[in-house]
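Here is a set of exercises to work through at your own pace. Try each task with the structure open, then read the solution beneath it.

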Amino acid sequence: MISISGLIGQLFAIALALALAPLLSGWVGMCRAWLQSRTAPPLWQPYYMLHKLFHKDVVLAEGASSLFRVAPFVMFGCMVLACAIVPSLSTDLPFAPAADALALVGVFGLARIFIALAAMDIGTSFGTLGGRREMLIGFLAEPALLMVIFTVAMIAQSTSVATIVETLAHRDFYIHPSLAFAGVAFTFVSLAENARVPVDNPATHLELTMIHEAMILEYSGRHLALIEWAASLKLYAYSCLGLAFFFPWGIAAGDSFPALLAAIPLLVLKLAIGGVLLAGIETINAKLRIFRAPEFLGTAFLLAVLGLLVRLLLETKL
Amino acid sequence: MSSIPLSAQFINLFAAIILLLAFAMLAQRRVLQLIDLFALQGATLFLSTLTVALTTGQAHLYGSAALTLVLKAILLPWILHRLVRKLNIKGEVEPLINIPTTMLVGLVLVIIAFNVALPISQLAHTITRGTLGIALAVVMLAFLMMITRRKAITQVVGFLSMENGLFLAATSATYGMPMVVELGIALDVLVGAIILGVFFFQIRDQFDSLDIHHMEKLKDS
Amino acid sequence: MPKLLAIDFLLILASAWAAIGLAGLAAPRNTRFISKILFPLGALVALCVGGVGLCALGAPAETAVLGIGLPDLPFHLRLDNLTAVFVMLLGCVSVGISIYAAGYFRDGAGTAPGLLCLEYHVFLASMLMVLLADDAYAFMVAWETMALSSFFLVTTNHQHAEIRRAGYLYLLIAHVGAIAILLSFGVMTANSGDYTFAGMRAQQLSPFWASAAYLLALVGFGAKAGLLPVHVWLPEAHPAAPSPVSALMSGVMLKTAIYGLLRVSFDLVGTPLWWWGVVALAVGLATALFGVLYATVQSDMKRLLAYSSIENIGLLAVGIGLALIFHSYRMEALAALALTAVFYHCLAHAGFKSLLFLCTGSVLHATKERNLGKLGGLIHRMPWVAWLALVGVIASAGLPPLSGFVSEWLLLQGFLFSPGLPHSWLNMVVPVAAALVALVAALAGFAMVKFYGIIFLGQMREAALKDAHDAGLWEKVGLVWLALLTLLLGVMPATVILRIDAATRQLLGKGLAERIDDHGWWLLAPIAPARASYAPILFLVTIVLSVWLGRWLVHRLYHGRVRRSPAWDCGYFFQGPRAQDTAEGFSQPIRRIFEPMFRMERHFPSARDTAPYYSVKVEDHFWHWLYLPIARLAGWISTLITNLQGGRIAIYLMYSFVTLIVLLLVARP
Amino acid sequence: MDLFTLMLLIPLVSGALLTVVGERAWAPNLNIVASLGTFLAAALLTVEIVANGPRFAFGEQFFIDSLNVFFVALTAFVGLTTSIFSSPYMKNEREHGRLSAGRLRLYKSMYQLFMFTMLAALTTNNLGILWVAMEAATLTTVLLVSLYRTPASLEAAWKYFILCGVGIAQALFGTILLYFAAERVLGETGNALLWTHLVEVKGSLEPTIMALSFIFLLVGYGTKVGLAPLHNWLPDAHAEGPTPVSAVLSGLLLNVALYAILRCKVLADGAIHSDFAGNLMMGFGLFTLLVAAFFLSRQRDIKRMFAYSSIEHMGLITFAFGMGGAVANFAGLLHMTMHSLTKSAIFFAVGHATQKIGTQQMDDIRGLMRVNPLIGWGLMLGTLAILGMPPFGVFASEFMILTHAMKHHPWATPVLLLALGVAFAAIFGKVQPMVFGETEAKRLPHAPAITPVFLHLGIVLMLGLWIPPYLTHWFHEAARMLGTP
């Protein structure tokens with residue numbers, strides 16, 4: 001059932017993700033700098049950094065076990081898979097059947113578990129602290145994300161992302177109030193999941209407030225590079241997922257090459273806008289205390305469930 | 001009433017006397033007199049049994065009459081007397097409940113007993129139909145005595161007079177059980193009495209008193 | 001001579017187990033003989049049992065009648081597909097456990113090895129008989145034999161008071177449950193006096209009595225499975241037992257309870273009412289949430305796993321409830337989906353939970369320590385156990401591509417289609433239940449990270465851990481077997497589901513097979529690939545490929561140089577093992593967020609303390625809300641009644657007298 | 001010489017003999033041999049009866065039919081095992097200085113006489129003689145209970161004597177009423193008390209009198225069965241007497257008393273054409289069961305606790321017979337058998353245990369597994385068996401009773417289950433710490449006799465899984481004789 005063109009499209013999508021992801025995080029960084037009236041780093045900054053990190057030696061803590069060294073690769077692999085599943089340009093993805101939206105949540109979960117375990121591996125106070133907080137955020141965010149997916153999946157009568165996008169994008173326009181709720185909830189969740197303000201601050205270096213940074217405190221060299229890359233891939237994947245769910249227009253239905261080409265600039269545009277919005281959010285919000293995070297994500301969960309109920313109430317004929 | 005033959009009237013009379021004695025025992029405070037009353041009861045029982053034997057002319061009833069005389073009227077009272085002397089029990093036996101109340105309760109019991117026995121008596125074809133009720137009453141009064149007295153020996157006397165009541169029922173009401181049974185019963189009574197005798201000494205040795213409120217150690221509450 | 005049926009084989013195997021046990025009694029103190037010959041033999045028998053179960057799937061039901069039992073009720077036995085699934089489970093899992101046990105049991109304090117061997121194999125045999133039993137008496141006998149043998153196994157180290165207490169609690173609740181089950185059977189016979197299951201199927205119960213039977217069964221089997229509120233024995237008994245026994249109890253015995261529940265609610269009692277499902281769903285959700293929350297706050301590694309077992313049982317109950325709801329509305333396809341999820345989760349949980357319990361056993365042997373606060377960094381000393389445990393942990397956290405995720409995925413799919421229900425309340429409420437299931441799954445991840453991270457990762461919290469040793473050969477083999485089972489269940493769900501579909505079809509008359517069949521073995525698409533699909537093998541390949549490719553590329557393009565240096569101390573001079581999170585510290589967020597769920601006794605250090613310390617003790621609300629009041633009531637009644645025996649003979653005579661008078665006055669023919 | 005006579009004669013003669021030669025070294029063996037002889041006679045008799053059907057002896061005064069034949073066998077069997085158990089036990093008591101030679105002599109002779117009275121009570125056809133035998137049994141056991149001559153044992157014996165004496169007296173009144181009723185039908189012939197004759201005419205016996213008489217008989221013999229609230233003598237007597245006596249009291253005496261009630265119930269049912277008797281028995285049974293169950297948790301003395309457990313089971317059995325009907329009677333008989341086997345086994349184990357530890361206080365008994373694994377396992381398995389745990393036979397009978405109750409008297413099932421649950425919690429909670437845990441062992445001068453314990457438990461286990469056909473057949477026969485109202 002895997003067509004050659006499909007395979008090419010798939011690989012192209014992956015490659016594009018690998019290429020675009022650092023750019024996206026770079027772009028967000030730039031916008032933040034502008035909004036905070038700082039002089040922005042160049043757009044290519046993330047690439048420089050990855051290159052530099054790959055060059056550096058890995059400085060491994062004495063207590064580190066083999067799990068510590070495997071974790072970055074696993075995380076990276078998971079994110080690659082995630083990007084492969086989420087339709088960015090076209091919905092004709094041979095890998096899509098491998099994992100539907102529920103499995104996608106599983107993929108993120110797997111990555112999270114590995115990074116959290118790796119953080120605990122060294123046995124410093126901040127590693128375990130980071131791991132604990134990451135898992136806390138995780139178990140708060142996952143149900144909300146699942147509810148969002150449920151809402152969307154019920155609209156599309158399917159959990160396979162590709163099908164969802166097709167139904168949403170390529171059928172006569174219909175307003176789904178539930179999607180509004182789901183959308184807000186999804187935004188909250190993705191902020192938390194990607195270690196963004198107000199839940200976490202990717203730029204912080206004050207250990208007590210760190211979550212993601214605290215976990216990767218001991219990483220260096222290529223490991224750190226992979227983790228950073230994986231992080232930006234995660235951001236990319238989430239953005240694409242959001243776009244696919246809520247602004248699916250423009251994603252190519254079949255594997256027609258021109259449609260694919262047409263989809264690229266549209267995608268870039270959408271991502272760019274998304275980046276600006278994200279930077280905006282990060283600028284106007286302050287970071288929450290860690291124990292306000294449950295309330296934040298609880299709200300997200302509530303919104304998602306509301307969306308589901310609205311869906312059931314307004315949009316299904318009982 | 002005239003239809004009732006003389007012998008039956010006599011039997012009823014004796015039965016009534018036995019009941020009277022039972023009440024007397026219930027009222028009696030002193031141990032030795034109690035035993036005497038018991039002996040008296042035994043004697044009356046003997047008489048009534050004898051009358052039944054004479055009227056019906058059943059051979060084994062003579063036997064049981066004799067047995068009653070020897071056992072209930074002579075042997076057991078004698079043993080009890082000896083015991084009381086040997087164990088030099090103080091004369092007074094103070095009941096748990098005071099006498100008048102006991103008597104009232106006894107009265108109620110007699111009424112109950114008669115009413116319970118009534119249907120049976122109506123069915124009885126023997127000439128001494130009434131005695132069954134009396135026997136039951138005697139049994140119950142003896143029972144009451146055992147409950148209300150607190151000396152071991154008085155309990156035993158109560159137990160024995162209960163046997164009297166049963167015997168009355170056995171002989172007068174039903175004109176005697178089969179011989180084997182009566183012998184067996186008599187034997188049991190005798191052995192029981194002897195064992196009790198042995199017991200008294202042991203109890204006295206252990207508790208140096210025959211007052212049964214010493215024997216309230218074994219309990220769960 | 002007549003051809004031997006599968007059921008005859010199973011009987012032979014059961015008696016073989018019994019024989020092995022008796023052989024152990026022959027040389028009760030000869031540890032070598034018992035551990036190196038008898039237990040492996042038992043494992044062999046287990047292998048055959050699993051094989052027979054596998055073959056019996058899809059085959060027509062076979063019955064047999066043994067000449068023993070009550071005069072008018074001899075043992076009826078039956079091997080149908082439902083039974084076969086669980087027989088397969090019993091066999092496949094106990095293979096690994098028995099092999100492991102061969103290396104685990106050594107002579108020491110407690111029960112003699114020979115006796116242990118007897119109890120162990122009688123336990124196995126009785127579980128097999130429970131699955132085969134086809135009448136109430138045979139079932140009860142096997143059921144209680146199972147309870148007894150496991151009780152003796154739990155109290156192996158009976159010199160410890162708390163272990164005795166655990167055993168007592170266990171047997172008591174098991175007995176109460178058994179009484180409830182017996183009652184349920186009694187109700188289902190509907191006064192026909194026919195106590196065979198066939199007879200019960202034949203009865204047409206009124207809704208009231210049917211519900212009574214169902215609820216009694218729910219209580220009875222719930223008591224064995226560990227559903228709320230009769231779960232309290234489970235976290236006591238599992239840590240008390242030797243690890244292979246905990247594995248067997250948690251992995252297999254709890255499933256026999258699930259089997260019983262399925263047998264009653266889908267097979268014996270007739271068509272269900274919709275609210276039965278809701279009850280099971282609600283109880284299951286409560287149990288799952290309770291279990292996982294308490295699992296996260298435990299400090300004893302086996303207690304943690306025990307609570308996680310409670311959680312999984314809760315999820316199973318949720319699945320059963322969902323299946324019942326669909327079944328009661330004749331939506332058999334969706335019911336089949338939920339029921340398949342239940343079967344699959346039974347298999348998956350049996351695999352990974354046994355694996356994890358066995359791993360704790362190895363840790364226990366290596367360190368003599370069950371308290372998480374005294375472990376840590378064991379991955380350096382016992383890599384085998386650590387990496388195999390990781391498999392169990394990921395499966396238990398319900399993450400792809402391992403077994404735990406498949407069943408959760410199927411369950412969520414089932415929930416996703418619940419809005420089809422012709423009942424407005426249900427299709428509003430049920431999807432919300434799915435949200436809770438998701439929460440439970442995520443929390444399970446938290447608990448598992450705690451379990452694994454604190455035992456195997458970080459720095460060693462005690463100096464003694466330095467000389468911990470890895471598991472022996474037998475133990476390794478056992479662990480590997482179970483890990484492979486978990487992996488297999490994880491990556492080829494379609495194949496497995498095609499096998500166990502026979503059972504689903506037997507209970508519902510409809511299965512998933514025809515819809516799964518027309519895609520490849522690698523793709524699991526219960527309804528249609530367009531609607532939902534999951535291909536763990538592809539999934540696995542992608543991840544492995546990208547990991548390997550990434551590593552190769554990085555090393556190729558750049559270099560693989562590594563330097564070692566001490567961990568960064570963040571400018572704080574002391575970075576000893578004590579700087580790491582304790583078990584309590586790790587679960588502090590949970591305790592804080594879900595505070596009302598716990599009954600906590602905390603001691604906070606004050607500024608003036610010369611030796612400041614912090615301590616927290618988490619207790620189960622049910623003790624104080626349910627069990628203690630009942631105990632007090634019983635005690636009160638007893639004190640009341642014991643006044644009858646006041647010791648005064650006069651009073652005794654009065655009882656007799658009054659009884660007589662009352663009877664004479666009142667009793668009339 | 002006729003087997004039957006032999007069976008009755010052996011205990012009588014050996015009893016007399018033992019009074020004479022009591023303190024010889026071989027006296028215990030004589031005791032055992034006599035019991036063995038009795039058992040063999042009983043066994044052969046059983047075989048003969050099973051083969052040739054019922055028979056009379058001594059004219060019509062004694063008889064063996066399908067109802068009592070197996071009770072005879074059971075009684076003789078338990079008598080034998082108890083004598084085997086008691087031989088080392090009593091020796092140890094002697095070593096501990098709790099008993100003098102004279103007491104031992106008294107014990108052995110009384111033991112044999114007690115066996116005699118039991119067998120006589122079981123086999124007599126004459127309800128009067130039945131009464132006499134029961135009274136005689138009381139007298140012999142009174143002496144056995146007071147064997148230690150301690151204040152406690154005397155008190156127990158005294159209460160036992162008075163309460164059972166009074167009870168038995170009421171039974172006699174009941175018998176007299178029965179005779180009174182029978183005489184009107186059968187006339188003044190000597191056989192108006194012969195059960196076989198009464199059964200033939202039971203239909204025409206006067207109902208009102210029979211009702212009264214049954215009340216008296218139930219209260220009377222019920223006192224000996226230990227039905228609440230007439231049970232008060234039972235725990236004291238069990239706890240204070242020597243353990244072998246407790247074993248036979250629980251294992252045999254209660255059974256025989258219940259047997260007497262059953263014989264009378266048949267007549268009452270025949271005369272009163274309603275299940276008046278049955279309802280009475282069910283009421284007593286349930287009340288007893290419930291009361292005993294709640295008594296259990298308050299016990300400190302181990303023998304006392306198992307005495308209450310005996311009361312509980314007697315209540316259950318009484319309830320079963322009260323329900324009547326083939327199944328219930330079957331279950332009742334089965335349960336009687338199981339209970340006497342299991343309970344006596346438990347008392348054997350308890351006896352050795354208490355001797356080893358040196359106290360009957362359960363709080364002081366710990367770690368029997370350590371002291372002597374066999375005793376520990378014996379007690380543990382026996383307890384589980386008596387608590388109705390499969391695969392032991394007690395469960396089989398309880399299963400039948402429960403299911404039958406569910407079918408015909410559903411209102412009673414909750415009570416039954418409540419009582420069984422409470423009893424389980426109480427007994428098991430007390431036995432488990434005694435068996436398990438640590439302790440310091442103590443050597444006994446004479447090795448305990450464990451065989452009887454496991455012999456009994458083995459039989460109970462077998463009956464739980466498989467009841468031999470001839471036994472089934474007997475149970476059915478007996479159940480039929482007990483009649484189905």
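Two residues are in contact if their C-beta atoms, placed from the backbone, lie within 7 Å. Keep in mind throughout that this model is predicted.

**Exercise 1. Who touches whom?**

Task: Find which chains share the most contacts, and find how far apart the nearest C-alpha atoms of chain A and chain B are.

Solution:
- Step 1. Begin with the pairs that touch: there are four pairs of chains in contact, and chains A and C share the most contacts among them.
- Step 2. Turn to chain A and chain B, which do not touch; their nearest C-alpha atoms are 56 Å apart.
- Step 3. Try chain A with chain D as well: no contact joins them, and their closest C-alpha atoms lie 41 Å apart.

**Exercise 2. The contact between chains A and C**

Task: Work out how many residues each chain brings to this contact, and which element of chain A gives the largest share.

Solution:
- Step 1. Count the residues on each side: chain A brings 72 and chain C brings 67.
- Step 2. List the elements of chain A that give two or more residues; among them are α2 (45–55), β1 (58–61), α3 (66–85) and α5 (125–156).
- Step 3. Pick out the largest share, which is 16 residues from α5(A).
- Step 4. Sort the residues on chain A's side by kind: 45 are nonpolar, 18 polar and nine charged.
- Step 5. Look at how strands meet across the two chains: β1(A) pairs in the parallel sense with strand β3 (residues 562–565) of chain C, over four bridges. In this pairing, L60(A) is opposite R564(C) of β3(C).

**Exercise 3. Chain B and its contact with chain C**

Task: Describe the make-up of chain B, then its side of the contact with chain C.

Solution:
- Step 1. Count the elements: chain B has seven helices and zero strands.
- Step 2. Compare its radius of gyration with the globule rule. The value is 18 Å, close to the 17 Å that the rule gives for 221 residues, so chain B is as compact as a globular protein of that length.
- Step 3. Add the extents: along its principal axes, the C-alpha trace of chain B spans about 55 × 35 × 30 Å.
- Step 4. Ask how much is buried: 52% of the 221 residues of chain B count as such.
- Step 5. Move to the contact with chain C, where 14 residues come from chain B and 13 residues from chain C. On the chain B side, α4 (99–123) and α5 (131–148) are the elements that give two or more residues. The largest share, three residues, comes from α5(B).
- Step 6. Divide the chain B side by kind to get nine nonpolar, one polar and four charged residues.

**Exercise 4. A hairpin in chain C**

Task: Say in what sense strands β1 and β2 of chain C pair, and why β2(C) is largely enclosed.

Solution:
- Step 1. Follow β1 (residues 62–70) of chain C: it pairs with β2(C) in the antiparallel sense over six bridges.
- Step 2. Find the connection, a hairpin that joins β1(C) to β2(C) through two residues.
- Step 3. Check one bridge: T63(C) has R78(C) as its partner in β2(C).
- Step 4. Consider burial. Five of the seven residues of β2 (residues 73–79) of chain C are buried, so this strand is largely enclosed by the rest of the structure.

**Exercise 5. The largest nonpolar core**

Task: Find which residues have the most contacts inside the largest nonpolar core, and why the core lies between two domains of chain C.

Solution:
- Step 1. Start with the count: the largest nonpolar core has 687 residues, and I85(A), A304(A) and L128(C) have the most contacts inside it.
- Step 2. Look for the main contributor: helix α6 (residues 151–186) of chain D gives the most to this core, with 23 residues.
- Step 3. Bring in the domains. Domain 1 (1–205) and domain 2 (621–666) of chain C both give residues to this core, so it lies between them.
- Step 4. Zoom in on L128(C): leaving out residues up to four places away in sequence, it touches L10(C), A14(C), V49(C), V87(C) and L90(C).

**Exercise 6. Backbone details in loops**

Task: Locate P229(C), and decide whether S37(A) is buried or exposed.

Solution:
- Step 1. Place P229(C) in the loop between α8 (207–225) and α9 (233–240) of chain C. A cis peptide bond joins L228(C) and P229(C), with omega about -5°.
- Step 2. Place S37(A) in the loop between α1 (4–35) and α2 of chain A. Phi of S37(A) is near 45°, a positive value in a residue other than glycine.
- Step 3. Apply the cut-off: a residue is exposed if 12 or fewer other C-beta atoms lie within 10 Å of its own. S37(A) has 6 other C-beta atoms within 10 Å, so it is exposed.

How values were computed. Residues are numbered from 1 along each chain as its sequence is written. Chains are lettered from A and ligands numbered from 1 in the order in which they are written. This is a predicted model: local features need pLDDT of at least 70, side-chain atom pairs count only at pLDDT 80 or more; totals for chains, interfaces and linings use all residues. A residue is buried if 20 or more other C-beta atoms lie within 10 Å of its own, exposed if 12 or fewer, and partly exposed in between; C-beta atoms are placed from the backbone. Two strands pair if DSSP finds at least two bridges between them. Ala, Val, Leu, Ile, Met, Phe, Trp, Tyr, Cys and Pro count as nonpolar, Asp, Glu, Lys and Arg as charged, and the others, Gly among them, as polar. The radius of gyration is taken over C-alpha atoms; the globule rule is 2.2 Å times the number of residues to the power 0.38. A nonpolar core is a set of buried Ala, Val, Leu, Ile, Met, Phe, Trp, Tyr and Cys residues joined through C-beta atoms within 7 Å. Domain bounds come from an automatic or database domain assignment.
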